[in-house]
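Work through the exercises below with the model open. Each task is followed by a solution in steps.

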Amino acid sequence: MKLSQFKFKLPEEQVALEPPYRAFKNEDGTEEKVYHRDECRLMVVHRKSQTIDMFEKDAEGNDTENFLTFRQIIDYFDEGDTFVFNDTKVFPARLFGTKEKTDAQIEVFLLRELNEELRLWDVLVEPARKIRIGNKLFFDEEGPMVAEVIDNTTSRGRTLRFLYDCPHDEFKKELFDLGSAPLPRYIIDRRPATPDDMENFQTIFAKHEGAVTAPASGLHFSRELMKRLEIRGVNFSFITVHCGLGCFDPIEVEDLTKHKMSSEQMAVSSEACRIVNETKQAGHHVCAIGISTLRATETAVGTDGMLKEYHGWTNKFIFPPYDFGLADSMVTNFYHPESIMVMAAAAFGGYDLVMKAYEMAVENGYQFGCYGDAMLILDD
């Protein structure tokens, strides 16, 4: 397929800057927001019948004027079905420092720790043209957090050595205390990150630290919804994919077969495999929650259609046509034009049907992006 086949016009006001919330006025006139992560809209795409649901039904089965909300996802699954979640944990990767002598403000985006003992980190810097090997960056006027640039890795990439002499756990806590939630550029360019974002930009089941962006489709699950699914008899299988920035990299080739994804570290445990494989063998549904989960399960599925234990990396890039081997349903958000997430959803649900769903989403005011609305694709 061609990159241009995934172009569409997305109004700026339909890019979600926050999760769903309700605002309340305090007695002093200030506004307080209460976030409800499971109250976004839900669009349901049926890939066999080629139908799309946006509205709740009345007793006669006719559409009402009320949009489906995410918490109604429970109505589409039964006892014995399994949801596969990504339990990666996002860390506060965006920091701001000042360059020695010039005091220029530099954004430092932490990617991953390279060497615990030497305090080496792989980072991105902005503006990159101002940062050269040997420069020092200061991160806290009142504290000792200083880093030295010791290598160039890419046009924006650098290797930093943090000059901080203390136990590693203390160093990491101090470093993360200086950081903020690594919101995508399309949000951070329009508003600053807030303390609420570090909670909102994290799934409630986050466990294994290592992600620099959230597995967005998992953000919609509240504790109440998880409990209701558990009571219904839906199983949960947790795998780990440390989401990187590869999903935000612009695709610069028209021929999608020539695009190379950045690699992400992933792990599929034997317990995760047991839950998923028993579900498949019993004839129940397996639902992948998010594109990161979908890419990982397609990396670890065997030729027999069963999930295999896996510890390593994946750079799988999914676009139409693609023959899926594991999940028969999936949850994804609505994403920006020409993004790899749109392509993976189109591969799963069928290009024409999914692009029709995107057209309907734009026309009906759905919210796009990590904090936006959700799509459920079913094999019925």
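α6 supplies three residues to the lining of the largest cavity, the largest share. The model is predicted: local features need pLDDT of at least 70, side-chain atom pairs count only at pLDDT 80 or more, and totals for chains, interfaces and linings use all residues. Residues are numbered from 1 along each chain as its sequence is written, and side-chain values use heavy atoms, with hydrogens and water left out.

**Exercise 1. Describe the largest cavity and its lining.**

Step 1. Fix the terms. On a 1 Å grid over the protein atoms alone, a cavity is a set of points where a 1.4 Å probe fits but cannot get out; a pocket is an open set with protein on both sides within 12 Å along at least five of seven lines; lining residues have an atom within 4 Å of a point. Grid points are joined across faces, edges and corners, and a volume is the space filled by probe spheres set on the points.

Step 2. Count and size. There are two cavities of 30 Å³ or more. The largest has a volume of about 190 Å³.

Step 3. Find the centre. The lining has 18 residues, and Ala214, Cys247, Ile291, Ser292 and Met341 are the closest to the centre.

Step 4. Assign elements. Helices (H or I, at least four residues) and strands (E, at least two) are DSSP runs, numbered from the N terminus. Two or more lining residues come from each of α6 (291-300) and α7 (340-349).

Step 5. Sort by class. Ala, Val, Leu, Ile, Met, Phe, Trp, Tyr, Cys and Pro count as nonpolar; Asp, Glu, Lys and Arg as charged; the others, Gly among them, as polar. The lining has eleven nonpolar, five polar and two charged residues.

**Exercise 2. Which residues line the second largest cavity?**

Step 1. Take the volume: about 60 Å³.

Step 2. List the lining: Pro19, Pro20, Arg37, Asn200, Leu219, His220, Cys370, Tyr371 and Gly372.

Step 3. Sort it: five nonpolar, three polar and one charged.

**Exercise 3. Characterise the largest pocket.**

Step 1. Its volume is about 1300 Å³.

Step 2. The lining holds 48 residues, with Leu111, Leu124, Gly244, Leu245 and Gly246 nearest the centre.

Step 3. At least two lining residues each come from β10 (105-115), β11 (120-126), α1 (168-177), α2 (185-188), β15 (208-211) and β17 (264-268). β10 gives the most, five residues.

Step 4. By class, 23 are nonpolar, 13 polar and twelve charged.

**Exercise 4. Which element gives the most to the lining of the second largest pocket?**

Step 1. This pocket holds about 420 Å³ of space.

Step 2. It has 18 lining residues; Tyr35, His36, Arg37, Glu199 and Ser222 lie nearest its centre.

Step 3. Elements giving two or more residues are β2 (31-35), α3 (195-200) and α4 (223-232). α4 gives the most, with four.

Step 4. The classes are four nonpolar, five polar and nine charged.

**Exercise 5. How many disulfides are there?**

Step 1. Apply the rule: a disulfide is a pair of cysteine sulfur atoms within 2.5 Å. The count is zero.

Step 2. Check Cys287. The nearest cysteine sulfur, that of Cys40, is 14 Å away. Cys287 is buried (under 20% relative accessible area; exposed is over 50%, partly exposed in between; 1.4 Å probe, protein chains only), at 0%.

Step 3. Check Cys370. The sulfur of Cys247 is the nearest, 7.1 Å away. Cys370 is buried too, at 3% relative accessibility.
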